[in-house]
Structures are given as C-alpha cells and as structure tokens.
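Trainee: Mind walking me through this one? I'd like to start with the helices and then get to the core.

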Amino acid sequence: MKRIGSMERYGIWAGAVALTIVFFGLTWVSAAFWLGVVFFGIFAFMGLYDVIQDRHAITRNYPVIGRMRFFFEKIRPEIRQYFLEGDQDEEPFSREDRSIVYQRAKNEEAARPFGTKERVYEGGYAWMTHSIAPTHLDRHDFRVTIGGPDCKQPYEASLYNISAMSFGSLSAAAISALNKGAKAGGFAQDTGEGGISKYHREGGGDLIWEIGSGYFGCRTHEGAFNPETFAEKAVDPQVKMIEIKLSQGAKPGHGGMLPAAKITKEIAETRDIPMGQDCISPAGHSTFSTPRELCQWIGQLRELSGGKPVGFKLCIGHRREFMCIVKAMIDTGIYPDFIVVDGKEGGTGAAPLEFANHVGMPLVEGLTFVHNTLRGADIRDRIRVGAAGKLIHAFDIAQAFAMGADWCNSARGFMFSIGCIQAQVCHTNHCPTGVTTQDPLRQRALVVSDKAVRVANFHRNTMRALAEMAGAAGLNDPRDFLPHHFMKREADGDMVEASDSWPYIPPGHLIDNANSDVDDVYLKRWRRASPDTFNPPEPYGRSQKRRSAEKAAAE
C-alpha cells in the first residue's frame, strides 16, 4: 500500500518526465513535437523544483499535483460567492444586501416577488411596527443641522452620507466618483484620515475632513499636528466639518499602515509623507493625553477652521473613558458639535483578525450607550450623533435613528454603488473593479462619469425608501423613529419591544443621581469617570496591582 501511495504522489510528475522524453524523441520525426517537449517539460521541471524546495510541505510530498491545493484555495472565495453562498449568508454582506445596492445604484426595480425570505420565527428577526393611518411624505431630502452654540458655520447635512475612506485605501477614480456623486446628490463625503486629495476637490462635493493620529495633510515633518497648515486647508468652503478620529470600528485601538508599495507620488503629497516608506498611523494621538486636553483641542480646531462644526468619531471600548470625555465637556464648557459612533462591524481595507473579529463594541450597544450618556448628562440636545456600521438600506438606517442617531454614514454601501463586488482583496492592490487599487490599469475599469451617477442614484433611492418607511409608521420625518416602533424576536422565540432592549434613560439622570443611593450600570461608571485622566481610579490587572504594591512598600 505504501508503494501504491508513493506512486500516486509522484505519478503526475513521473508522467510529465516520461512524456517530455517521449516527445523529445519524436522531434526527429517532426519539429511540431517540440510543443509537447515544452508543455510537459514545464511540468517536469516544476515537479523537480517542488521536490527540492523547503517552503511548502504539500508540494514536497505531492510534486505538481500539490499545486492544485493552492489554486483551489485562491479561487475559493469566488466559488463560494458565485455558486455556494445563499442570498442571506453574510460574508460579510449578503447577496441580498449587495443586490439592493446594485439595483438602486442603477435605478432598476428593487421590488421582490413572492414574499419574504426571512425566517420570521427565528431568534434575531426584527421588524418595524406600522400605522393604520400612514402618512405620505412628498420629500426625501431630509436634513439635520450640525453645529452647537459655539459654531459659527453650522452645516445642513443629509441624513445619509459617505463614511470615512481615504485616498490611498481607495483609488483616485473611486474617490472622484464618490465626490461627484455626493455633489450631484447633495450629501457629504468623509475624507478618511488620509487627507484631502485633489480628487476630493475636483468634484466639488461637500467634505468632512477627518483628522487621525497621523495628522495627514496637517502635520509637521516629525508627524505632529501643525495648526498653521490645518488652518490653511480647513477654511476652504468645500470643507464643511472637521472630524477627529479617535478610533474606528474595524480595528479600534490599533494604528494603521499603508504599505510603501501602494504609496504613489500623489498620495505622498496629499499626506505630507516621504516616498518609499510605509505610512504609519499611530494607535493614539500625540496632541492630547487627557479628556480636558481633547476638549481644548476641539475648541482650538473650531477656532482655526473659522467656526466650523468640530466633532469626533470613535468605537466604544471602555465605557468609562467616554464618560471621562463627557465630564470634561461639562467642566471646560467646550462641547463637540457632533459625535460619530462607529460600530465594531464597520469595514476597513486591512485589519488584524483578532481586532476585526473581537475588539470594539457593536453599533447597537455603542450607539445606545453614547445616546444615553449624553441624555444622562443633560447635554444631548446640543450635540448631534452620527452612526456608522453596515448601514446600507432603509430598515438599518431607521433602526439607528430609533437608537438615538441624528444621521447615518455608510462606506461599503457606497463602495458597492461604484462597482465593488466584495472580492475582499482591498489590501493587495489587486482590486478587480478598480475601487481599492493604485494600479492605473486596474483603475481604468472604474469609469468615473458612470459611477458618479450611480452614487447619486443609490443615495436618492435609499432616502426614498426611508421616507416610505417613515410614512408607513405614521411619521413625518425619519428622525422621529423611537425604539417602540421596532420589535424583535428573542432566541427563545418570544417577541420583545425594542424599547426594552434600547431603553432611554431620563435626561439629567447621571447629574441628578451622582451622589444618591441609586445604582445602575451608567451611574457605576459615571462615578468612576474623571475629566482629568483616562486612567481608572484604582489599579487593575495583576501587573498594575503588583507595581502599586511595590510603590507603596518603597514609600
């Protein structure tokens, strides 16, 4: 049996060697047989290489034929997506979700025949409660005013905008198509932390300038924040808001890196970085280290930008730390104009597996916590809250409003609108549709004039669907959705009102009960939060406790 096994393992290679010899002998008969020598000779030398190489165990034991494993492994995602994946399998977006974006982007009929495919009696199913007296909404271009009392240039934002995606992560053609679509549809594009490129500017669409820990586009040569450079760019009328990126849902607490191979001359100029080096975004900011310093920086950015709305984006991690920021707002009197809550389910061009799967709070819990903390501190009315994280159709957006959002952002939804097929090779520079590559030849696949129209179409048709849902609930504006408008089914099959899952705490609850006997999960963290530090009031973890004990003994 062992001999037979060896013959099977080496049979293909041995056959290639034998046929190479045979065809070589036949070349004396006709020169055409050289084709066979070349063809089978390639496999013969391939097998020889496989046997002597020391990198892959499979091909050492199975020369030539072992390479089939790598071939099928490479095309596995495509085989799954085109032949095996169900309409509702999320990898991470289902075919049904992607299809609705494609259809709305193309202005095609998006209706479904024959009823729902959802398993309505299984745990996790959610639905909206409708009214017997629905309203008819003639408009769909709903707006929210972003800008608190200290803001001199408030922004009338659409309820649905393009989430943060940097030039470098996306191609020049993709950035240009998104911006031109935003201009045509009257909504905003978040630049991502990679700075404002000429492709963001050429379309004339409204911009939300995101400032990350790398301070790209407003940095010194040493990588620190440069106030002068920031002020020069922030006063541009096309820049409508300034967003500080504290963390992002797909990899919170982790820095970013754009490989040197993807850095073109244009990217280097946009980010103010040198060519030929990996572009590193630190995990944390160097401009501030305490909640008070963050608030002071928010005030500085607002002043430097001429009074434009300034806020920050984060994925909730330690809930106490967000409460530290809220306490600092109250103590300093400096409030952000907006906060964007990025859910753990948010996307990225590349992230370590552990961070992508297991770090950060999902949107439902994160948004509910931020909304309630601001309510509890009695400052919710002066700060607008945005939401991001797999929000690509009207039901998702409506639920986000019910949880406390004032507007929503989407990144991958708009990527689908310009042709993304969820190939999930964003980090390789080999995007097949030209969306996430810097390869000029691959970018040719993305025709900006065509895709810009699709971006605007997707936004318009999604907002129309949202207006229809609001009308079905008997509402006059999508922002009037509340938790009681939604129901969901628990794992045990029982249905519960969403207000039981996403309860609103009373305004001023944290302030009024800070020193009382009332105790709940919000008050426990509120009492431990400090406006002067992000650190907890007591040591935690074995290493910190040991250091504290050693310090006490030394004293």
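Trainee: Which residues are buried in α6?

Mentor: Bear in mind that this is a predicted model, where local features need pLDDT of at least 70, side-chain atom pairs count only at pLDDT 80 or more, and totals for chains, interfaces and linings use all residues. Residues are numbered from 1 along each chain as its sequence is written, and side-chain values use heavy atoms, leaving out hydrogens and water. Buried means under 20% relative accessible area, with exposed over 50% and partly exposed in between (1.4 Å probe, protein chains only); helices are DSSP runs (H or I, at least four residues), as are strands (E, at least two), numbered from the N terminus. In α6 the buried ones are A172, A173, A174, I175, S176, A177, L178, N179, G181 and A182.

Trainee: Why is α13 largely enclosed by the rest of the structure?

Mentor: The helix covers residues 363–376. Its buried residues pack against several elements, including α11 (319–332), β12 (384–388) and α20 (521–528). It's largely enclosed because the buried residues number 12 of the 14.

Trainee: Which residue follows α13 with a positive phi?

Mentor: Look just past the helix, where phi is near 60°. That's D378.

Trainee: Which helix gives the most to the largest nonpolar core?

Mentor: Such a core is a set of buried Ala, Val, Leu, Ile, Met, Phe, Trp, Tyr and Cys residues joined through side-chain atoms within 4.5 Å. This one has 124 residues, and F322, M329 and F481 touch the most other members. The helix spanning residues 448–472 gives the most, with 9 residues: α17.

Conventions
The expected span of a helix is 1.5 Å times one less than its number of residues. Contact means heavy atoms within 4.5 Å.
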